[in-house]
Amino acid sequence: MTVQQSDLKLDGNAIGGLLREIFTMEMTAAIGTCAHCGTLHAVGEVEVYMNAPGVVVRCPSCGEVQMKVVRGHGKYWLDLSGVRCLEFSAG
Amino acid sequence: MIPGASSGTGETDKPTSTPQVLRWQIGSVAELVQETPRVASLVLDVPDWPGHDAGQHVDVRLTADDGYQAERSYSIASAPEDRRLAITVERLEDGEVSPYLVGEVRAGDKVELRGPIGGYFVWKASDERPLLLVAGGSGIVPLMAMIRHRAATGSKTPTRLLYSSRSLEDVIYKAELDRLASAGDGLTVAHTLTRKQPEGWTGYSRRIDTAMLAEVAWPKGQMPIVYVCGPTPLVEGVASLLVDMGYGPASIKTERFGPTGG
Amino acid sequence: MGFISRGFRGKRRDTASSSRLPPGQYVVTDYPVLSAGPTPRIPLSEWTFVLEGEIDQPKKWTWEEFRKLPTEQVTKDIHCVTKWSKFDTVWTGVSIDTILDGVETAAEYTVQFSYGGYTTNLIPHLYFWKSAKWIRGIRLVNEDQPGFWEVNGYNNYGDPWREQRYWGD
């Protein structure tokens with residue numbers, strides 16, 4: 001079977017539901033600052049890999065890991081160490 | 001009351017970010033519409049649906065009798081103004097959820113879903129910038145919600161759709177797009193058929209390229225807003241062509257989809 | 001759980017089989033591809049494999065040198081922590097015994113690291129995330145160092161037969 005690598009890459013729109021579970025707010029329009037390269041991107045724009053043991057979010061500018069989310073046993077493990085700041089509307 | 005739920009009156013571009021626990025709801029299938037041989041729309045009655053914006057999606061969750069669950073996201077096809085919620089699903093043969101939704105589900109069945117979800121890939125009719133929509137395959141679905149929203153609100157926003165399909169029989173919403181484009185209210189639709197064209201085809205017959213975008217897209221000086229949705233390679237290709245043409249990256253909104261298990 | 005989707009079974013295959021299938025797993029016949037990032041593109045002229053860390057003389061092989069090492073073929077069942085198992089997968093490669101041949105070290109742990117930045121603490125016969133896809137080298141270390149997933153909820157050991165998927169399992 002052949003799978004194009006690009007087929008496995010989605011974007012932040014695909015994790016809108018997952019992020020709503022965690023933040024209870026709509027987060028795809030939030031703006032994140034990459035901790036690696038400092039570039040600002042809307043969460044909807046980031047690169048997302050979901051065919052993995054967890055969700056891996058990468059910066060579209062530098063490719064480094066911004067966020068990891070693992071869900072299991074009724075728990076979340078959330079690594080935001082690649083996002084220096086997340087700006088979102090208070091609603 | 002959720003801001004954004006009453007879009008269409010849409011007086012602001014603010015994202016819909018209100019604290020609101022997203023809960024699973026049960027919708028019932030009122031109608032099934034076979035759009036193409038592999039694509040069907042599920043028209044749903046969802047009690048207490050909070051309303052949505054064009055471009056948003058729902059998560060659908062299937063549960064087997066032994067508790068096994070599978071979850072996928074599907075774009076909403078209906079306009080916020082429509083009476084019922086519709087999603088359009090492409091059947092992926094080795095998928096898990098899509099062959100159930102397109103093949104097994106019948107009118108009257110219940111489907112568990114939650115939404116609406118998304119605040120980035122969203123368009124409201126109050127935005128009067130010229131609109132460029134670029135779709136590949138079933139990437140047309142959220143863009144169709146925008147086109148339907150535009151029609152339902154009587155918007156005259158100049159709008160151009162460039163829609164890439166494999167063949168004519170794969171074009172989703174063909175008749176409705178033809179009808180809306182002939183209304184003379186500022187919507188034009190250009191098709192490209194990448195694999196097979198019928199005899200006498202006068203549209204494009206190749207993958208989207210710079211020359212095609214130069215013909216279809218608004219001049220960058222008109223400050224258009226762009227929405228691109230489709231498989232990842234198409235979305236990334238079109239977005240980078242548009243940036244090369246001088247479009248500001250901030251004016252290009254993208255949504256990729258791919259087979260995360262179908 | 002209340003709701004059941006009428007007629008939905010899912011794509012799962014046989015879950016009933018035998019002593020060969022760890023608890024909570026199901027058997028697949030296709031080959032799911034998992035990925036935490038883009039596939040790295042490394043020209044073979046730049047590819048190397050290194051053994052480093054707690055050894056006097058780190059070792060390094062170019063692609064041509066590595067391809068001259070003796071290889072073995074093994075057939076193994078693989079068990080992914082996302083719950084699929086695939087039986088009788090065939091692998092060809094260089095044995096870890098060959099890599100470590102003649103190496104003196106007091107290190108009791110290893111880190112495998114790969115092109116693309118993935119890391120994990122290597123131990124065979126565990127869940128498949130413990131195998132780095134684009135391996136670049138092995139570091140011998142005195143203390144166990146959790147890798148990409150092990151720092152983020154996934155079990156540091158990961159024995160499929162004890163269903164050690166997450167922290168605390």
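Colleague: Reading along the sequence, what pattern does chain C follow?

Modeller: Bear in mind that this is a predicted model. Chain C comes to two helices and eight strands. Put in sequence order, those elements give β-β-β-α-β-β-α-β-β-β.

Colleague: What share of the residues in chain C is buried?

Modeller: The C-alpha atoms of chain C fill a box of roughly 60 × 30 × 30 Å along the principal axes. Among contacts in chain C with a separation of 6 or more, 55% link residues 24 or more positions apart. A residue needs 20 or more other C-beta atoms within 10 Å of its own to count as buried. Of the 169 residues in chain C, the buried share is 21%.

Colleague: Which residue in the hairpin of E4(C) and E5(C) takes a positive phi?

Modeller: Strand E4 (residues 72–79) of chain C runs antiparallel to E5(C), with seven bridges joining them. One of the paired positions puts C:His79 with C:Ser85 in E5(C). Four residues sit between the two strands, and the one with a phi near 95° is C:Lys83.

Colleague: Which residue in E5(C) stands opposite C:Tyr26?

Modeller: Strand E1 (residues 26–27) of chain C pairs with strand E5 (residues 84–93) of chain C in the parallel sense, over two bridges. In E5(C), the residue opposite C:Tyr26 is C:Trp84.

Colleague: Over to chain B: how far apart do the C-alpha centres of domain 1 and domain 2 of chain B lie?

Modeller: The domain assignment splits chain B into domain 1 (25–117) and domain 2 (131–257). Between the C-alpha centres of these two domains of chain B, the distance is 24 Å.

Colleague: Which elements give two or more residues to the side of domain 1 of chain B that touches domain 2 of chain B?

Modeller: Across this boundary, 16 residues of domain 1 of chain B are in contact with 13 residues of domain 2 of chain B. The domain 1 side has seven nonpolar, five polar and four charged residues. The elements that give two or more residues to that side are strand E1 (25–36) and strand E5 (85–90) of chain B.

Colleague: Which strands stand at the edges of the open sheet of six strands in chain B?

Modeller: The strand order is E4-E3-E6-E1-E2-E5 (chain B), with antiparallel pairing. Neighbouring strands of this sheet are turned by 40° against each other on average, ignoring direction. An edge strand has a single partner, so one of its sides is left without a neighbour in the sheet; that describes strand E4 (69–75) and E5 of chain B.

Colleague: Which residue in E6(B) stands opposite B:Asp59?

Modeller: Strand E3 (residues 57–63) of chain B and strand E6 (residues 110–117) of chain B run antiparallel and are joined by four bridges. Opposite B:Asp59, E6(B) places B:Arg114.

Colleague: At about what angle does helix H1 of chain A run to E6(B)?

Modeller: Helix H1 (residues 16–23) of chain A lies across E3, E4 and E6 of chain B. Its angle to E6(B) is about 75°.

Colleague: Which elements give two or more residues to the side of chain B that touches chain C?

Modeller: Here 13 residues of chain B are in contact with 11 residues of chain C. By class, the chain B side has six nonpolar, two polar and five charged residues. The elements giving two or more residues to that side are E3 and helix H1 (98–104) of chain B.

Colleague: Is B:His149 buried or exposed?

Modeller: B:His149 is found in helix H2 (residues 140–152) of chain B. Its C-alpha atom is separated by 21 Å from that of B:Ser73, 76 residues apart along the chain. B:His149 has 25 C-beta neighbours inside 10 Å, so it counts as buried.

Colleague: Over which residues of chain A is the pLDDT below 50?

Modeller: The mean pLDDT of chain A is 91, and 91% of its residues reach 70 or more. Among the elements of chain A, the mean goes from 94 for strand E1 (residues 9–11) to 98 for strand E2 (residues 31–34). Where pLDDT is low, the predicted coordinates should not be read in detail. In chain A, the stretch with pLDDT below 50 is residues 1–6.

Technical notes. Residues are numbered from 1 along each chain as its sequence is written. Chains are lettered from A and ligands numbered from 1 in the order in which they are written. This is a predicted model: local features need pLDDT of at least 70, side-chain atom pairs count only at pLDDT 80 or more; totals for chains, interfaces and linings use all residues. Domain bounds come from an automatic or database domain assignment. Two residues are in contact if their C-beta atoms, placed from the backbone, lie within 7 Å. Ala, Val, Leu, Ile, Met, Phe, Trp, Tyr, Cys and Pro count as nonpolar, Asp, Glu, Lys and Arg as charged, and the others, Gly among them, as polar. Two strands pair if DSSP finds at least two bridges between them. Axes are lines fitted to C-alpha atoms, for helices over the stretch in contact, and angles run from 0 to 180 degrees between N-to-C directions. A residue is buried if 20 or more other C-beta atoms lie within 10 Å of its own, exposed if 12 or fewer, and partly exposed in between; C-beta atoms are placed from the backbone. pLDDT is the predictor's confidence in each residue, from 0 to 100.
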